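Thanks for coming. I will go through one chain today, starting with a single helix and working outwards.

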Amino acid sequence: MQPDNLAQIEETYQHFLGIAGDPQAAALLVHSAYLAGQQPAAASDAPLTIKEAADVMGIGVRTVYSLVAAGKLRHSRFGAGRGTIRISREAIAECQRAAEPVKETPRDLKYLARVAGRPI
């Protein structure tokens, strides 16, 4: 990473701040990346929070926590103690591919038809 692009440095800082959650740690990570000459991951590759993952998947936050607890959604924890959960877009795609489609039973169809006011 070259220091001539301040916008890129700011984006990198925000990326690391989202992961580390601490401004000083994020600044150290940016500095380390600069010294190592590494190109940090793009912001779109940044791990998502539980809420962001829920929004991407179109489900509730509690459901995401349930998927994490059941081991059906790969995740990482950052920080001390139980840590902050982060989920990659790749893990979300894997989870969605592995999900079984919901099969509607005749009972469900009859209920939906009755609610819609249309007989089957």
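Let me start on the outer side of helix α4, where Arg62 and Ala69 are exposed, meaning over 50% relative accessible area with a 1.4 Å probe, protein chains only. Helices here are DSSP runs of H or I with at least four residues, strands are runs of E with at least two, and both are numbered from the N terminus. Before going on: this is a predicted model, in which local features need pLDDT of at least 70, side-chain atom pairs count only at pLDDT 80 or more, and totals for chains, interfaces and linings use all residues. Residues are numbered from 1 along each chain as its sequence is written, and side-chain values use heavy atoms, with hydrogens and water left out.

Now the other side of α4, which spans residues 61-69: Val64, Leu67 and Val68 are buried there, buried being under 20% relative accessible area. They cover an arc of only 100° around the axis, so they sit on the same side of α4. That arc is taken from the directions between the helix axis and the C-beta atoms.

What lies over these residues? The cover of the buried residues of α4 includes α3 (50-57), β2 (84-86) and α5 (89-98). Just after α4, Gly71 takes a positive phi of about 80°.

Next, the pair α3 and α4. Two packed helices are described by the angle between their axes and the distance between the axes. For α3 and α4, the axes come within 8 Å and cross at roughly 105°. The axes are lines fitted to C-alpha atoms, for helices over the stretch in contact, and angles run from 0 to 180 degrees between N-to-C directions. The two helices are therefore roughly perpendicular to each other, a label that covers 65 to 115 degrees. Contact here means heavy atoms within 4.5 Å. On the α3 side it is made by Ile50, Lys51, Ala53, Ala54 and Met57, and on the α4 side by Val61, Val64, Tyr65, Leu67 and Val68. Nine of the residues in this contact are nonpolar, none is polar and one is charged. In that count, Ala, Val, Leu, Ile, Met, Phe, Trp, Tyr, Cys and Pro are nonpolar, Asp, Glu, Lys and Arg are charged, and the others, Gly among them, are polar.

On to α5. Its buried residues are Ala91, Ile92 and Cys95. Down the axis of α5 they fall within an arc of 100°, so they line one face of the helix. The face turned away from that buried side carries the exposed residues Glu90 and Arg97. Both α3 and α4 are among what covers the buried residues of α5.

Which residues touch the most other members of the largest nonpolar core? Of its 14 residues, they are Ile50, Met57, Val64, Val68, Leu73, Ile87 and Ile92. A nonpolar core is a set of buried Ala, Val, Leu, Ile, Met, Phe, Trp, Tyr and Cys residues joined through side-chain atoms within 4.5 Å. Two or more residues each come from α3, α4 and α5, and α3 gives the largest share, four residues.

Leu73 deserves its own moment. It lies in the loop between α4 and β1 (76-78) and is buried, with a relative accessible area of 1%. Leaving out residues up to four places away in sequence, Leu73 touches Met57, Val64, Leu67, Val68, Ile87, Ala91, Ile92 and Cys95. Met57, counted likewise, touches Leu67, Leu73, Ile92, Cys95 and Gln96.

A second loop residue is Ala46, between α2 (23-36) and α3. Ala46 is buried, with a relative accessible area of 15%. Its C-alpha atom is 8.8 Å from that of Ile87, 41 residues apart along the chain.

Last, the whole chain. It has six helices and two strands, in the order α-α-α-α-β-β-α-α. Of its 120 residues, 22% are buried.

Definitions and conventions. Parallel < 35°, antiparallel > 145°, perpendicular 65-115°, else oblique.
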